[in-house]
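Student: I'm new to this one, so could you take me slowly through a single part of it?

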Amino acid sequence: MSSADFTYDHVGASRDPDYCPPGYHHLRERTRLGEGEQVFRQAADALFGFEMHRAMGVGIDASAERAAVDVDVTVTLAGLVKAPCRVVWAAEEYREAGWAYGTLSGHPESGEEAFVVHRTGDGTVWLTVSAFSRPASWYARAGGPATRSLQHAYARRAGKTLRRLATRGVEEA
């Protein structure tokens with residue numbers, strides 16, 4: 001993967017959800033999805049198959065059916081804003097599954113956003129959305145704090161949407 005295509009340095013740095021390079025804004029939202037292996041599996045499948053994004057009403061045009069390193073993804077927001085990205089890392093492990101994409105030329109922001117599903121030792125399943133970003137377009141800069149508020153709202157909506165998808169057909173104990 002060539003970092004020359006990306007609009008920022010530190011490609012792949014979102015693997016650490018607490019990392020934020022100087023000059024960027026940090027975002028971290030955590031949502032409880034439910035409990036158990038079935039919730040974890042359904043959440044991971046919905047995340048990797050871009051179902052979470054589509055269920056949020058976000059347009060997704062991806063070069064593959066599932067998120068994987070080097071998959072190009074164009075996110076379309078409100079039918080107007082096209083945001084080209086590329087998956088920079090992906091991991092599917094026993095208790096953790098997630099991936100991140102980084103911004104390409106034409107994206108209104110510059111940075112990286114990660115979506116990680118994690119199952120704790122007690123079986124609780126969480127989604128963490130983390131990002132570091134800064135405006136790259138005139139309209140993102142003009143939006144200032146409102147743009148960051150929209151990013152936080154997007155992350156919270158991702159959690160609510162994935163909770164709904166992950167708990168379909170799951171019996172409550």
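Student: How many aromatic pairs does the structure hold? Please look closely at the rings around F6 and Y8.

Tutor: Sure! First, a heads-up: this is a predicted model, where local features need pLDDT of at least 70, side-chain atom pairs count only at pLDDT 80 or more, and totals for chains, interfaces and linings use all residues. Residues are numbered from 1 along each chain as its sequence is written, and side-chain values use heavy atoms, with hydrogens and water left out.

The structure holds nine aromatic pairs (Phe, Tyr or Trp rings, the six-membered one for Trp, with centres within 6.5 Å; planes under 30 degrees apart are stacked, over 60 edge-to-face, the rest tilted). One of them joins F6 and Y8, edge-to-face, at 5.8 Å centre to centre with 75 degrees between the planes. Both F6 and Y8 are buried (under 20% relative accessible area, with over 50% exposed and partly exposed in between, using a 1.4 Å probe and protein chains only). Y8 also pairs edge-to-face with F132, at 6.0 Å centre to centre and 75 degrees between the planes. That pair links distant parts of the chain: Y8 sits in the segment before β1, while F132 belongs to strand β7, 124 residues apart (strands are DSSP E runs of at least two residues, helices H or I runs of at least four, numbered from the N terminus). F132 is buried too, like Y8.

Zoom out a bit, and F6, Y8, Y19, Y24 and F132 make up one aromatic cluster. F6 has a charged neighbour as well: the charged end of R86 sits over the F6 ring, 5.6 Å from its centre (NZ of Lys or CZ of Arg within 6 Å of the ring centre and within 35 degrees of the ring normal).
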